[in-house]
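Let's take a walk through this model together, starting from its helices and ending at its surface. Keep the 3D view open as you read.

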Amino acid sequence: LEDCVHAIRSMLDRTPPDVRRGIEANGICLTGGIGNLKGLSTYLEESIGLPVLTVPSPELCVVRGLQKIIQNKTYYRRLTYSMLDEDYRWLR
């Protein structure tokens with residue numbers, strides 16, 4: 001768990017200030033099956049100094065998110081890209 005705390009702190013150090021303010025205001029959300037680990041949110045909250053929340057049914061977050069994307073064509077188009085697109089930032 002110490003490695004996780006170190007990785008979270010490192011990520012926060014590299015996070016742009018405007019995004020970091022949002023994280024500090026809203027906290028971190030635990031998702032995935034590990035979110036069910038008892039006491040994890042408390043440990044992380046005390047170690048990092050930020051609020052940590054566990055979402056309901058964390059093990060289903062990815063599946064539910066994909067379901068929403070697939071069922072909503074407008075949202076799906078907004079999240080997809082073409083590597084041939086000149087506006088694709090990561091190619092620059």
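A helix here is a DSSP run of H or I with at least four residues, and helices are numbered from the N terminus. What you are looking at is a predicted model. By that definition, helix α2 contains both R20 and E24, which sit four residues apart, about one turn of the helix. Their side chains form a salt bridge, with the closest N and O atoms 2.8 Å apart. Salt bridges that share partners join E24, R20 and D13 into one network.

The other link in that network is the salt bridge between the side chains of R20 and D13, at 4.0 Å from N to O. In general, side chains of opposite charge can pair when their charged atoms come close. How exposed are the three partners? R20 is partly exposed, with a relative accessible area of 28%, and E24 is also partly exposed, at 38%. D13 counts as exposed because its relative accessibility is 63%, and the cut-off for that label is over 50%. The structure holds two salt bridges.

Now step back to see the whole chain. The protein has five helices and two strands, and from the N terminus on they run α-α-β-α-β-α-α. Of its 92 residues, 18% count as buried. If you consider contacts with a separation of 6 or more, residues 24 or more positions apart account for 50% of them.

D13 leads us to helix α1, which covers residues 2–14. This helix has 13 residues and reaches 19 Å from its first C-alpha to its last, close to the 18 Å expected. Which of its residues are buried? In α1, they are V5, I8 and L12. Seen down the helix axis, the buried residues of α1 fall within an arc of 65 degrees, so they line one face of the helix. The spacing fits a general rule: an α-helix has 3.6 residues a turn, so residues three or four places apart point the same way. Cover for the buried residues of α1 includes α2 (17–26), β1 (28–30) and α3 (40–48). On the face turned away from the buried side, you will find the exposed residues D3, H6, D13 and R14.

Finally, turn to the surface. V62, L66 and I70 form a nonpolar patch there, with about 310 Å² of accessible area together. V62 is found in helix α4, residues 61–71, and it counts as exposed at 61% relative accessibility. For the protein, the accessible surface comes to about 7,600 Å², of which 55% belongs to carbon and sulfur atoms.

Methods: Residues are numbered from 1 along each chain as its sequence is written. This is a predicted model: local features need pLDDT of at least 70, side-chain atom pairs count only at pLDDT 80 or more; totals for chains, interfaces and linings use all residues. Side-chain values use heavy atoms; hydrogens and water are left out. The expected span of a helix is 1.5 Å times one less than its number of residues. Buried means under 20% relative accessible area, exposed over 50%, partly exposed in between (1.4 Å probe, protein chains only). The arc is that of the directions from the helix axis to the C-beta atoms. Contact means heavy atoms within 4.5 Å. Patches are made of residues with over 30% relative accessible area and no salt bridge: like charges are joined within 9 Å, nonpolar side chains (Val, Leu, Ile, Met, Phe, Trp, Tyr) within 5 Å. Accessible areas come from the Shrake-Rupley method with a 1.4 Å probe; for residues, only the protein chains shown count as cover.
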